[in-house]
Amino acid sequence: MGAELAFLQLASPGLSEVLDRLAASGVERVVLVGVGDVSGPGVSWLRRVAADWWRGFGEGAPVVATASSFLVDEAEWAGLVARARPITDGGPGLRSPVWEEPPAHRHQVLVCRGPRCTAAGSAGTWRALVLALMAAGLGDDDVLVTQTGCLFPCNRAPVVSVQPDDVWYSRVDEAATAEVVAEHLVGGAPVARLRLRREPRDG
Ligand code: FES
C-alpha cells in the first residue's frame, strides 16, 4: 500500500517521529489510517495526537487528515483514504481539555505486558478487561486501565493489580477477567480465588 507504519503507544516508531520524518522530506499531505481493535486507542486518539504534533510543528506543517474509522478489511483502504478528514476541520486543530487533569477514577488497573505476561496471553487479558468494563458501563472516570512493563511475580503470569486497593491477581486469563470486573470493580469485593498475596515490608 506504500504506507508508513507508526505506533500510537508502546512501540517505535511513534507517530510524531514518523510525521517529523515525512514533513522533513517535503511531503505536503499525510493521511492517517488507524489499524487496531476496540481495546486500543481509537480514531479520536489518532486525531488528537496528530493535532498536537501539527500545532507543535507550526508553519509549513503538511496537511494531516485522518480516516473516519479503522481499517478492518484491506479492500476499504482506498475509500478510507479518499474520505479522510483534515484534523483542522472545525478549527485550528483538535484540543483535549480533559487531558489537562487526571481522571477522577475510583480504581486503576495495572495489566502487566512484560515479557512473561505477554507470552502468557496478557494482550487477551487487556482486551477482555476493556470489553468487560465497557459492557459494565465503566469508563476512564471509574476505572483507569494501564498497561505496564514487568510487575515482578512473573511465575504468576498474567499478572494484574488493582489500585488503590493494593490487590494483586495472578493467572488472570480472559475468563478470570470477567470475575475481576464483576466481583471487584463492580461489586467491590476482591476475587479470593485469583488473589496473589503481597506482604508489604514494615518500614
Ligand atoms: S512479566 Fe508480568 S510480572 Fe513479570
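**Exercise 1. How many helices and how many strands are in the protein chain?** State also their order along the sequence and the extent of the chain.

Solution.
- The structure is a predicted model.
- The protein chain holds six helices and eight strands.
- From start to end, these elements follow the pattern α-β-α-β-α-β-β-α-α-β-β-β-α-β.
- The C-alpha trace spans about 55 × 35 × 35 Å along its principal axes.
- The chain has 203 residues, and 25% of them count as buried.
- Take the contacts between residues at least 6 apart in sequence: 64% of them join residues at least 24 apart.

**Exercise 2. Into which domains is the protein chain divided?** Give the distance between their centres.

Solution.
- The division gives domain 1, covering 15-98, and domain 2, covering 107-196.
- Between the C-alpha centres of domain 1 and domain 2 the distance is 31 Å.

**Exercise 3. Describe the open sheet of three strands and name the strands at its edges.**

Solution.
- The strand order is β1-β2-β3, and the pairing is mixed.
- β1 (29-32) and β3 (85-86) each have a single partner strand, so each of these edge strands has one side without a neighbour in the sheet.
- Helix α2 (residues 43-57) packs on this sheet and touches β1 and β2. The direction of α2 makes about 170° with that of β2.
- Now take the pairs in turn. β1 and β2 are parallel and share four bridges; V30 has V64 in β2 as its bridge partner.
- β2 (residues 63-66) and β3 run antiparallel and are joined by two bridges. Here A65 has P86 in β3 as its bridge partner.
- In general, strands of a sheet pair through backbone hydrogen bonds, either parallel or antiparallel.

**Exercise 4. In what order do the strands of the five-stranded open sheet stand?** Find its edge strands and the helix α5 that packs on the sheet.

Solution.
- The order is β5-β4-β6-β7-β8, again with mixed pairing.
- β5 (143-148) and β8 (195-196) are the edge strands, and each pairs on one side only.
- Helix α5 packs on the sheet, where it touches β4, β5 and β6 (160-163). Between the directions of α5 and β4 the angle is about 155°.
- β4 (residues 107-112) pairs with β5 in the parallel sense over six bridges.
- In that pairing, the bridge partner of Q108 is L144 of β5.

**Exercise 5. At what angle do helices α5 and α6 pack?** Describe the contact and the kinds of residue that make it.

Solution.
- α5 (residues 122-135) and α6 (residues 174-186) pack at about 35°, and their axes are 9 Å apart.
- Their crossing is right-handed.
- On the α5 side the contact is made by G124, T125, A128, L129, A132 and L133. On the α6 side it is made by E174, T177, A178 and V181.
- Sorted by kind, the residues of this contact are six nonpolar, three polar and one charged.

**Exercise 6. Which residue is joined to P158 by a cis peptide bond?** Find the second cis bond, at P164, and place both prolines.

Solution.
- A157 is joined to P158 by a cis peptide bond with omega of about -5°.
- P158 sits in the loop between β5 and β6.
- Q163 and P164 are also joined by a cis peptide bond, with omega of about 5°.
- P164 sits in the loop between β6 and β7 (167-169).

**Exercise 7. Are F152 and D166 buried or exposed?** Give their phi values as well.

Solution.
- As background, most residues other than glycine have a negative phi, and most peptide bonds are trans.
- F152 is not a glycine, yet its phi is positive, about 110°. F152 belongs to the loop between β5 and β6.
- A residue counts as exposed if 12 or fewer other C-beta atoms lie within 10 Å of its own. F152 has 11 within 10 Å, so F152 is exposed.
- D166 also has a positive phi, near 55°, and is a residue other than glycine. D166 lies in the loop between β6 and β7.
- With 10 other C-beta atoms within 10 Å, D166 is exposed.

**Exercise 8. Where is A3 placed, and how far is its C-alpha atom from that of V33?**

Solution.
- A3 is in the segment before α1 (15-24).
- There are 12 other C-beta atoms within 10 Å of A3, so A3 is exposed.
- A3 and V33 are 30 residues apart along the chain, and their C-alpha atoms are separated by 9.3 Å.

Conventions
Residues are numbered from 1 along each chain as its sequence is written. This is a predicted model: local features need pLDDT of at least 70, side-chain atom pairs count only at pLDDT 80 or more; totals for chains, interfaces and linings use all residues. Axes are lines fitted to C-alpha atoms, for helices over the stretch in contact, and angles run from 0 to 180 degrees between N-to-C directions. A crossing is left-handed if the near helix is turned anticlockwise from the far one by less than a right angle, and right-handed if clockwise. Two residues are in contact if their C-beta atoms, placed from the backbone, lie within 7 Å. Ala, Val, Leu, Ile, Met, Phe, Trp, Tyr, Cys and Pro count as nonpolar, Asp, Glu, Lys and Arg as charged, and the others, Gly among them, as polar. A residue is buried if 20 or more other C-beta atoms lie within 10 Å of its own, exposed if 12 or fewer, and partly exposed in between; C-beta atoms are placed from the backbone. Domain bounds come from an automatic or database domain assignment. Two strands pair if DSSP finds at least two bridges between them.
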